[in-house]
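Please open the structure in your viewer and keep the sequence beside it. The tour below proposes a series of selections and states what is found at each one.

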Amino acid sequence: VNAPADTVWDAIRSMDFAYSDLISGGELVSGECANAVGSVHKLHFHDGSEWMVQVIELSDFDRTLVLDLLERSDGVEVASCTHQIELHRVSQGDQTMVEYTVDFSNDADAQICQDTRFKRQAELKAMQEYFGAACGETETDSEVVMTGDSGSAAVVDRMLSVARRKFDQLDENGNGTLEGYEMDGLADWVW
């Protein structure tokens with residue numbers, strides 16, 4: 001991912017999933033704060049399914065987040081499933097290597113494993129686009145966006161895509177308008 005490891009870690013650690021094309025939002029179900037070990041979250045996906053996950057490990061030192069999948073409404077039946085995201089700083093440049101590990105119980109079949117592989121690849125691509133737009137601009141890109149030069153369509157499209165995903169995530173009631181605490185979320189994201 002074309003962004004510093006600390007920047008990517010802040011987004012992963014916050015559990016807001018703004019970078020995700022698959023996750024439309026989430027809510028803290030139990031726990032004192034979103035990233036506390038033991039906290040439980042309900043994740044809402046664009047396809048209408050939901051997952052209930054519990055944070056079982058969070059390490060700022062190792063930049064690692066481990067989630068245990070407690071429940072899911074997408075019809076996939078496995079006894080247990082643990083997702084781990086680990087970030088590694090690339091020594092040259094401000095880039096981050098993202099490592100996904102998913103451990104299933106032995107009742108997961110090849111189709112479930114393959115589906116998970118494709119979804120993690122899609123997440124990585126979305127992360128690359130999100131952080132590329134949010135962090136990877138050069139000064140020239142920024143100047144082009146500000147002047148509205150038609151040659152910058154790709155940069156503008158990337159930024160609009162990031163903004164649209166974040167808006168959809170913040171619009172929890174789905175009415176197409178940000179209101180009250182939803183606006184607070186927008187302010188936190190922007191500033």
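What does the accessible surface of the chain come to, and what percentage of it belongs to carbon and sulfur atoms? The accessible surface is about 10800 Å², and carbon and sulfur atoms account for 49% of it. Please bear in mind throughout that this is a predicted model.

**The whole chain**

Begin by displaying the chain as a cartoon. It contains 5 helices and 6 strands. Followed from the N terminus, the elements come in the order α-β-β-β-β-β-β-α-α-α-α. The chain has 191 residues, and 35% of them count as buried. If one takes the contacts between residues at least 6 apart in sequence, 40% of these join residues at least 24 apart.

**The sheet**

Next, select the strands. They form an open sheet of 6 strands in the order β1-β2-β3-β4-β5-β6, with antiparallel pairing. At its edges lie β1 (23-30) and β6 (96-104), each of which pairs on one side only. From one strand to the next, the twist averages 25 degrees. As general background, the strands of a sheet pair through backbone hydrogen bonds, either parallel or antiparallel.

Now add helix α1, residues 5-13. This helix packs on the sheet and touches β3, β4, β5 (81-89) and β6. The direction of α1 makes about 155 degrees with that of β5.

**Strands β3, β4 and β5**

Select residues 50-59, which are strand β3, and residues 64-72, which are strand β4; the two run antiparallel and are joined by 8 bridges. Two pairs of residues can be picked out here. L58 stands opposite L65 in β4, and M52 stands opposite E71 in β4.

Then bring β5 into view. The pairing of β4 with β5 is antiparallel and extends over 5 bridges. L65 appears again here, since its bridge partner in β5 is I85.

**Two residues with positive phi**

Which residue takes a positive phi near 50 degrees in the hairpin of β3 and β4? The residue is R63, and this hairpin has 4 residues between its strands. Select R63 in the loop between β3 and β4. Its relative accessible area is 18%, which is under 20%, and R63 therefore counts as buried.

Move now to F17, in the loop between α1 and β1. F17 also has a positive phi of about 50 degrees, although it is not a glycine. Most residues other than glycine have a negative phi. Is F17 buried or exposed? With a relative accessible area of 7%, F17 is buried.

**The largest nonpolar core**

Show side chains for the next stop. The largest nonpolar core has 30 residues, of which V8, I12, Y19, L65, M127 and F131 touch the most other members. The elements giving two or more residues to this core are α1, β2 (40-45), β3, β4, β5 and α2 (110-135). In soluble globular proteins, nonpolar side chains tend to be buried together.

Centre the view on V8. Once its neighbours within four places in sequence are left aside, V8 is in contact with V1, A3, L87, T96, M127 and F131. Two of these partners, M127 and F131, are also named among the core residues that touch the most other members.

**The loop between β1 and β2**

Select A34, which lies in the loop between β1 and β2. Its relative accessible area is 28%, so A34 is partly exposed. Which residues does A34 touch, not counting those up to four places away in sequence? They are S14, M15, L28, S39, H41 and V55. A distance may also be drawn from A34 to R13: the two are 21 residues apart in sequence, and their C-alpha atoms are 8.6 Å apart in space.

Beside A34 in the sequence is C33, which counts as partly exposed because its relative accessibility is 34%.

**The cysteines**

Finally, consider C113. A disulfide is a covalent bond between the sulfur atoms of two cysteines. How many disulfides are counted in this model? The count comes to 0. For C113, the nearest cysteine sulfur is that of C81, 9.0 Å away. A disulfide requires the two sulfur atoms to be within 2.5 Å, and C113 is therefore in no disulfide. With a relative accessibility of 34%, C113 counts as partly exposed.

Terms used
Residues numbered from 1 in each chain as written. Predicted model: local features only at pLDDT ≥ 70, side-chain atom pairs only at ≥ 80, totals over all residues. Heavy atoms only, no water. Buried < 20%, exposed > 50% of the residue type's maximum accessible area, 1.4 Å probe, protein only. Contact = heavy atoms within 4.5 Å. Areas by Shrake-Rupley, 256 points an atom, 1.4 Å probe, with all protein chains shown as cover. Pairing = 2+ DSSP bridges. Axes fitted to C-alpha atoms, helices over the stretch in contact; angles between N-to-C directions. Core = buried A, V, L, I, M, F, W, Y, C linked by side-chain atoms within 4.5 Å.
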